[in-house]
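Student: I should like to learn how to read a structure that is new to me. May we go through it feature by feature?

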Amino acid sequence: MKKNLITVIILALVVVNLVLTAVLTITIIPETQKANELITKVCSAIDLDLVAGDTAGSLSINVADMVDYAVNDGASMTINLADSGDGSLHYAVLVISLSLDSTSEDYATFGDGAGNLAAQDNIISDTIKTVVASHTIEDMRQNEDAVKEEILEALQGLFKSAFIVRVNFSSATYQ
C-alpha cells in the first residue's frame, strides 16, 4: 500500500511539473520572440549604419566606376600644421587626388560630368587645408588614414553628396 501511495504522489508531482512547464513555456515564448525581433532590428540598424557610415565608400564601388581627380591639377599643397608643442613650425607638402563615383547621380551635377571639378578647386583646397591644418605632425604621420577620412567627410559635407568616395595622398612629405 505504501508503494502504491508513493507511486501516486510521484505521478501527481510529474503532472504538476508538466503543467508548470507548459505555463512557463506559454508565458516566456512570446517575450523571447519580442526580444529576438528587437535584437534583429538593432543588428540590422547597426549594419545599415555601418554601410551608411562607410565614408570611404570604395568598398561598394567597383574600381572601374571610379574616376580620379587631381586637386589643383596635381600641384603640391604646402600646409602649416598645428603646433605640436616642440617649439618648431611644421608643415605638410601634399599632392592630393579624389576618387569620384562615376555612377553617382551627383557626379554629373558637379563639374562637367567627366570628373572635372576645376570650378570648385578653390573651395576643395580650402576645405583640405582647414582639416590638415588642425592636425599636428604626429597626427599626420601616425594617423594619415584618419586624416584622409576626416577630409573625405568634410568634402562630402561640403557637396552634400557621397560622390567623392576616397581621398588619396599621391605624395606626402611632413617637415
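**Reading the strands, the surface and the confidence**

Tutor: Let us begin with one pair of residues: in this predicted model, L100 stands opposite I164 in strand β4.

Student: How many bridges does β3 form with strand β4?

Tutor: Strand β4 (residues 164-174) and β3 pair over 9 bridges, in the antiparallel sense.

Student: Which residues of strands β1 and β2 stand opposite residues of β3?

Tutor: D68 faces S99 in β3, and the bridge partner of I79 in β3 is A92. Strand β1 (residues 66-70) runs antiparallel to β3 and is joined to it by 5 bridges. Strand β2 (residues 77-80) pairs with β3 over 4 bridges, also in the antiparallel sense.

Student: How should one picture the side chains of a strand?

Tutor: In a regular strand, side chains alternate between the two faces of the sheet. As for cover, strand β3 (residues 91-101) has 9 of its 11 residues buried.

Student: Where is a nonpolar patch found on the surface?

Tutor: L11, V15, V19 and V23 make a nonpolar surface patch of about 350 Å². Of these, V15 lies in helix α1 (residues 2-52). V15 can belong to a patch because its relative accessible area is 44%, and patch residues need over 30%.

Student: Where does pLDDT stay under 50?

Tutor: Where pLDDT is low, the predicted coordinates should not be read in detail. Here pLDDT stays under 50 over residues 51-58, for which the model has 14 contacts beyond four places in sequence. For the chain, the mean pLDDT is 82, and 89% of the residues reach 70 or more.

Methods. Residues are numbered from 1 along each chain as its sequence is written. This is a predicted model: local features need pLDDT of at least 70, side-chain atom pairs count only at pLDDT 80 or more; totals for chains, interfaces and linings use all residues. Side-chain values use heavy atoms; hydrogens and water are left out. pLDDT is the predictor's confidence in each residue, from 0 to 100. Contact means heavy atoms within 4.5 Å. Patches are made of residues with over 30% relative accessible area and no salt bridge: like charges are joined within 9 Å, nonpolar side chains (Val, Leu, Ile, Met, Phe, Trp, Tyr) within 5 Å. Accessible areas come from the Shrake-Rupley method with a 1.4 Å probe; for residues, only the protein chains shown count as cover. A salt bridge is a side-chain nitrogen of Lys or Arg within 4 Å of a carboxyl oxygen of Asp or Glu. Helices (H or I, at least four residues) and strands (E, at least two) are DSSP runs, numbered from the N terminus. Buried means under 20% relative accessible area, exposed over 50%, partly exposed in between (1.4 Å probe, protein chains only). Two strands pair if DSSP finds at least two bridges between them.
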